[in-house]
Amino acid sequence: MPRNAFFSILAALLLLGACDRQGAAIGREYPIKKISDRVYVIHGPNEVPNAVNQGFINNPGFVLTRKGVVVIDPGSSLQTGEMVLKKIATVTANPVIAVFNTHVHGDHWLGNDAIRRAYPKAVIYAHPKMIAKTGEAGPFWIKLLNRLTDNAVRGTRPVSPDLGIDDEETLALDGLRFTAHHTGTAHTDGDLMIEVVDEKVIFLGDNVVTQSLRRLDDGSFSGNARACDVALKTGAVHFVPGHGPSGGREVVKAYRDFLGGLYRAVKKYRAQGLNDFEMRSRVATELKPYQTWAQFDSEIGKLISLAFLEAEREAF
Ligand SMILES: [Zn+2]
C-alpha cells in the first residue's frame, strides 16, 4: 500500500473513532445541598462552560415524592444528567417520575437525555414556548457546548419535553404540589419558575442568577424584574437560582436590584444623549456592588447594549 493511502486510511479511522466516542463522565465532585425536607440541589460552578467544568454550570434540583423523584433542570448534557442521577441514588432508590425544564438554554435541559435513557416513563414538562424551540435549540447548544468544552458533551442527544405547562397551573405529583409560574418574557419568552408548594421552595430558572452575570439576549430587563417580583410574592422561603448559591429572599432581591439598577442607569444616560458604548464606564461605576460578580467585565458591555435597545423600544 502506498504510504499516503495508508496514512489517509489511518486518519479516517481515527476520525471515526473520535466521532463515536462519548464525552467522559463528569470528573469533579459536587456536594448535594439539602434545601428543605424533600428538596436537594447540586450547585454547579458559577462559570461559563469550559473544558474543566465539562459544561456543567447550572443548579440541578431534585424533590423526593412518596415513591418517586422529580428533577428540575438536569443540566447541560448526557454526562451532567448521569451525574445528577448518581447523586440522587445516594439519597433514594426511587425512580425519577417527572422532570421540569425552566427554559430553552441548553445548559439546563440537555441532561434530559440521561433521564430518558434511565427512566423512559418519566414525563418531562416545560412551557409550551420553550418546547416549540427545542428542535432548533438542541443541535445549536450541543454544538456550542462541544466547542466551548473541547467536546465534553459528545454523545448527548436533545430530548424535548413531553408536555406543556403554563402560568399558575399546579400538578400534584405523587403527593406533592408543583405550581408553575410564567410571567411573559423574562430571561427568555418561555421561562417557568417551579414552586414546590408544600416545601416552600421555588426553582427560579435563570429568571434569577446570583453572583454572576448571564446573557439576556432572548429576554427583557423590565420583564425579568417583574418575574422576580412574582417569585417574591409566592409562599416560598427557599429560593434556588439557575446559577449561583441558593438562599432566602435576598437571592431574588439582589438580582432584581442589579437588573433594575442597570436598566435605570442606561435609561438615564440615554436621556442625556449618550450611546451605549459611551455610557459603559459610568453605568459600571453605578453598579459597583455587583462588580465582584463573575463575568462582570466580560458581560456588562453586552448587557448595556441590550438594555439600550430595550429602552429605545420602550420609548416608541
Ligand atoms: Zn443558564
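The exercises below, each with a worked solution, concern a predicted model.

**Exercise 1. Find where N58 lies, and decide whether N58 is buried or exposed.**

Step 1. Locate the residue in the chain. N58 sits in the loop that runs between β2 (39-41) and β3 (61-64).

Step 2. Take the relative accessible area, which for N58 is 0%.

Step 3. Compare with the cut-off. A residue counts as buried under 20% relative accessible area, so N58 is buried.

**Exercise 2. State which residues N58 contacts, leaving aside its neighbours within four places in sequence.**

Step 1. List the contacts. N58 is in contact with I42, H43, G44, D73, G75, D107, H108, G242 and H243.

Step 2. Look for a polar contact. The backbone oxygen of D73 lies 3.2 Å from the side chain of N58.

Step 3. Check a pair that is distant in sequence. N58 and G244 are 186 residues apart along the chain, while their C-alpha atoms are separated by 8.0 Å.

**Exercise 3. Describe D73 and K200 by phi, place and exposure.**

Step 1. Start with phi. For D73 the angle is near 55 degrees, a positive value in a residue other than glycine. For K200, also not a glycine, phi is likewise positive and near 55 degrees.

Step 2. Place each residue. D73 belongs to the loop between β4 (69-72) and α2 (78-89), and K200 to the loop between β10 (193-196) and β11 (201-203).

Step 3. Classify the exposure. D73 has 3% relative accessibility and therefore counts as buried. K200 has a relative accessible area of 44%; partly exposed covers values between 20% and 50%, so K200 is partly exposed.

**Exercise 4. Identify the donors of the zinc ion and name the geometry of the site.**

Step 1. Name the donors. The zinc ion is coordinated by OD of D107, NE2 of H108, OD of D206 and NE2 of H243, at 2.0 to 2.4 Å.

Step 2. Write the spacing of these residues in sequence. The pattern is D-H-x97-D-x36-H.

Step 3. Test the angles. The four donor atoms make angles of 90 to 167 degrees. Four donors count as tetrahedral if all angles lie between 85 and 135 degrees. The site of the zinc ion is classed as irregular.

Step 4. Add the exposure of two donor residues. D107 and H108 are both buried.

**Exercise 5. Describe V240 and its surroundings.**

Step 1. Place the residue. V240 is in strand β12 (residues 238-240).

Step 2. Classify the exposure. The relative accessible area of V240 is 1%, so V240 is buried.

Step 3. List the contacts, not counting residues up to four places away in sequence. V240 touches V41, V201, I202, F203, L204, G205 and S246.

Step 4. Check a distant pair. V240 and N53 are 187 residues apart in sequence, and their C-alpha atoms are 20 Å apart in space.

**Exercise 6. Describe the largest pocket and the largest cavity.**

Step 1. Take the pocket. The volume of the largest pocket is about 730 Å³.

Step 2. Describe its lining. Of the 26 residues that line the largest pocket, H105, W141, L144, R215 and D217 lie nearest its centre. Helix α5 (residues 128-149) gives the most to this lining, with seven residues.

Step 3. Turn to the cavity. There is one cavity of 30 Å³ or more, and the largest cavity holds about 60 Å³ of space.

Step 4. Link the cavity to the earlier exercises. Among the residues lining the largest cavity are N58, D73, H108 and V240.

How values were computed
Residues are numbered from 1 along each chain as its sequence is written. This is a predicted model: local features need pLDDT of at least 70, side-chain atom pairs count only at pLDDT 80 or more; totals for chains, interfaces and linings use all residues. Side-chain values use heavy atoms; hydrogens and water are left out. Helices (H or I, at least four residues) and strands (E, at least two) are DSSP runs, numbered from the N terminus. Buried means under 20% relative accessible area, exposed over 50%, partly exposed in between (1.4 Å probe, protein chains only). Contact means heavy atoms within 4.5 Å. A polar contact is a pair of N or O atoms within 3.5 Å; within protein, one must be able to donate a hydrogen and the other to accept it, and residues adjacent in sequence count only if both atoms are side-chain atoms. Donors are N, O and S atoms within 2.8 Å of the metal (3.2 Å for Na, K and Ca); water is not among the atoms, so sites may look incomplete. Four donors count as tetrahedral if all angles lie between 85 and 135 degrees; four count as square planar and six as octahedral if opposite donors are over 155 degrees apart and all others between 65 and 115; anything else is irregular. On a 1 Å grid over the protein atoms alone, a cavity is a set of points where a 1.4 Å probe fits but cannot get out, and a pocket is an open set with protein on both sides within 12 Å along at least five of seven lines; lining residues have an atom within 4 Å of a point. Grid points are joined across faces, edges and corners, and a volume is the space filled by probe spheres set on the points.
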